[in-house]
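User: Hi! Could you walk me through the ligand site in this one?
Analyst: Happy to. Here it is.

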Amino acid sequence: MTTPAITSSATELSAQVARWRELGQTIAFVPTMGALHEGHKKLVTEAAAHADRVVVSIYVNPLQFGQGEDFEQYPRDLASDAGFLEEAGVDVIFAPLEADIYPEGKERAPAIDAGEIGALFEGVERAGHFGGMLTVVKRLLDIVHPHVLVMGQKDAQQLFLVTQMVKRELLPVTLLPVETVRDRDGVALSSRNAYLSPPDRTRARVICRALAAAAQARDLESARAEARDTLGGQESVEIDYLETVDPATFLPIEGAGYRGEARMIVAVTIGETRLIDNTRLTFGQ
Ligand code: AMP
């Protein structure tokens with residue numbers, strides 16, 4: 001295990017990766033926005049288990065934040081993030097400036113369309129969010145040129161859209177999804193949990209309770225009802241959306257008699273903070 005090197009230079013990083021590739025080594029890449037927690041660390045552990053070298057990027061991408069969102073406020077502390085990754089098996093932390101990612105300006109970046117699914121769920125309230133996310137992921141992949149791209153299931157819609165982009169654009173990378181890491185009380189780890197007041201942090205437990213109740217249900221209809229009732233029973237928690245989607249298409253599942261695998265996705269606002277979570281549901285014959 002080593003202390004990770006830190007670079008902001010895309011040229012330097014690309015050259016380093018090219019040298020590793022010449023030696024026949026494989027590279028796994030974990031893109032993040034920093035404010036790292038144990039969820040990110042799990043991604044790094046998986047990355048290290050699947051490749052010889054691990055690159056983590058820390059970049060708060062302006063293109064995926066809308067007007068009035070928390071771009072300015074988003075926690076940034078590179079020294080603390082670097083300390084957190086000490087001995088985690090990371091070779092390089094890539095912490096670029098905007099000019100390294102968007103050399104011709106972010107307005108001129110070759111935009112990637114997130115399509116129909118990009119306009120649903122998270123994309124309803126956050127117009128342009130997924131296009132901005134795909135644009136930065138594509139740019140980062142061009143710079144890092146990894147064999148493996150490691151991403152969290154926590155952001156299920158993001159993961160779906162990146163999977164679609166990789167397939168559509170025939171990107172030479174294998175996507176490795178990692179299960180959501182939760183706190184001891186079940187709350188999914190998120191950099192945005194830091195915004196929650198202590199009472200709101202306690203209220204946030206209702207999200208995983210709702211998902212767990214849905215996972216116990218015998219059919220789709222009762223799964224939806226269980227989740228909605230559980231969330232509705234907690235004061236100060238507002239449901240933005242609660243949906244069950246087909247994992248193959250990410251479109252809402254119609255019809256109560258559905259059999260097979262589904263994903264329940266949820267977004268709630270607690271106080272001023274918007275939180276998302278999801279779980280896998282399976283309905284047998
Ligand atoms: P972020 O820094 O929040 O943009 O997230 C960077 C990566 O970490 C994304 O692939 C997320 O899905 C993943 N991630 C965030 N929270 C968790 C978590 N609790 N468990 C697993 N992965 C996570």
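User: Which atom of the ligand does the polar side-chain atom of H40 lie 3.1 Å from?
Analyst: That partner is an oxygen atom of the ligand. A polar contact here is a pair of N or O atoms within 3.5 Å. Keep in mind that this is a predicted model, where local features need pLDDT of at least 70, side-chain atom pairs count only at pLDDT 80 or more, and totals for chains, interfaces and linings use all residues. Residues are numbered from 1 along each chain as its sequence is written, and side-chain values use heavy atoms, with hydrogens and water left out.

User: And what about the backbone of G152?
Analyst: A backbone N or O atom of G152 sits 2.9 Å from a ligand oxygen. For M33, a polar backbone atom is 2.9 Å from an oxygen atom of the ligand.

User: How much of the ligand's accessible area does the protein cover?
Analyst: The protein covers 92% of the 490 Å² that the ligand has on its own (Shrake-Rupley method, 1.4 Å probe).

User: How many residues surround it, then?
Analyst: There are 16, counting residues with a heavy atom within 4 Å of the ligand. The closest include D155, V181 and L189.

User: Which element gives the most to that shell?
Analyst: α2 does, with three residues. Helices are DSSP runs of H or I with at least four residues, and strands are runs of E with at least two.

User: Switching topic, what does the protein chain average in pLDDT?
Analyst: The average is 96, and 99% of the residues score at least 70. pLDDT is the predictor's confidence in each residue, from 0 to 100.

Technical notes:
Polar contact = N/O pair within 3.5 Å; in protein donor to acceptor, adjacent residues only side chain to side chain.
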